[in-house]
Amino acid sequence: MKKIAVFASGSGSNFQAIVDVIQAGMLPAEISLLVCDQPGAFAIERAKANEVPCFIFKAKDFPSKADYEKEIAALLQDLNVDLIVLAGYMRLIGSTLLKVYEGRIVNIHPSMLPEFPGKDAIGQALAAKAKWTGVTIHFVDEGMDTGPIIVQERIRIAENETRESLQKKIQTIEHKLYPSILHMLLTQGEVTNEEKARTY
Ligand code: GRF
């Protein structure tokens, strides 16, 4: 059984979607740890309710990113975690974690990267009056939402679209797409083109 660690900073709805498919027996994986940098995040409540162990930290309690990442890397290695799954984790991954987990960190972002990287991608798309946006799942490198893309799904922005309605459309797709891509990565180690096509 493959082991994953989910990193989140906020509501954790993607974390919940992953928990749900595992509990439904549709993803042969175990969530060994939730890593959260926001002690008040709702993701922590979700983890507790589902008996997922948590590592909660405040970045400012550590002298540097390298220091907290060293601690996280040691925990993940002790737990034999195979894959790091970023789900609304609002920090850049630094070289300490990247070195240990190179090619084994994935992220989900609410836009068609390279469009609208960084914070508030939904707000950026609306402000740009874009007709389309989407969801991207990609491997993580040292950049901000720049690593190799695994899969993307396009979403039409309606004329009368609000932030709430667009967020809902995006989340509906995210909650299906992330578990299905994790399934492919964890059971086959890669995502083939035919499989990518099937997710659309
Ligand atoms: C998601 O939209 C994800 O794409 C982005 O942050 C959001 C996290 O939402 N990286 P949640 O905490 O999973 O509800």
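A residue counts as being around the ligand if one of its heavy atoms lies within 4 Å of it. Keep that cut-off in mind. One caution as well: this is a predicted model.

So, which residues are around the ligand? From the N-terminal end, we have Ser-11, Gly-12, Ser-13 and Asn-14. Next come Gly-88, Ile-108, His-109 and Pro-110. Gln-171 and Glu-174 complete the list. By class, this shell holds 2 nonpolar, 7 polar and 1 charged residues.

Now the polar contacts. I'll take three of them. At Gly-12 the partner is the backbone: a polar atom there is 2.7 Å from an oxygen of the ligand. At Ser-13 the side chain takes part, with an N or O atom 2.5 Å from a ligand oxygen. Glu-174 also uses its side chain, and there the distance from an N or O atom to a ligand oxygen is 2.4 Å.

How much of the ligand does the protein bury? On its own, the ligand exposes 360 Å². The protein buries 84% of that. Helix 1, strand 5 and helix 6 each give two or more residues to the shell.

On to the pockets. Rolling a probe the size of a water molecule over the atoms shows where empty space is left. Which pocket does the ligand take up? The ligand's space is the largest pocket. That pocket has a volume of about 810 Å³. It is lined by 35 residues, and the closest to its centre are Gly-88, Tyr-89, Met-90, Ile-108 and Pro-110. Gly-88, Ile-108 and Pro-110 are also on the list around the ligand.

Where does the lining come from? Helix 1 (13-23), strand 5 (105-109), helix 5 (121-127) and helix 6 (163-188) each give two or more residues. Helix 6 has the largest share, with 5 residues. By class, the lining has 13 nonpolar, 15 polar and 7 charged residues.

The second largest pocket holds about 210 Å³. Its lining includes Ala-125, Leu-126, Lys-129, Ala-130 and Lys-131. Arg-156, Ile-157, Ala-158, Glu-159 and Glu-161 line it too. The classes split into 5 nonpolar, 5 charged and no polar residues.

Last, the backbone. Most residues other than glycine have a negative phi, and most peptide bonds are trans. Two places here go the other way. Which two residues does a cis peptide bond join? They are Leu-113 and Pro-114, with omega at about 10°. Pro-114 is in the loop between strand 5 and helix 5. The other place is Glu-51, where phi is positive, near 55°. Glu-51 belongs to the loop between helix 2 (42-49) and strand 3 (54-56).

To recap: the ligand takes the largest pocket, and the protein buries 84% of its exposed area. That's it from me.

Terms used:
Residues numbered from 1 in each chain as written. Predicted model: local features only at pLDDT ≥ 70, side-chain atom pairs only at ≥ 80, totals over all residues. Heavy atoms only, no water. 1 Å grid on protein atoms, 1.4 Å probe; cavity = no way out; pocket = protein on both sides within 12 Å on 5 of 7 lines; lining within 4 Å. Points joined across faces, edges and corners; volume = space filled by probe spheres on them. Helix = DSSP H or I, 4+ residues; strand = E, 2+ residues; numbered from the N terminus. Nonpolar A, V, L, I, M, F, W, Y, C, P; charged D, E, K, R; others polar. Polar contact = N/O pair within 3.5 Å; in protein donor to acceptor, adjacent residues only side chain to side chain. Areas by Shrake-Rupley, 256 points an atom, 1.4 Å probe, with all protein chains shown as cover. Sits in = over half its atoms within 2 Å of the grid points.
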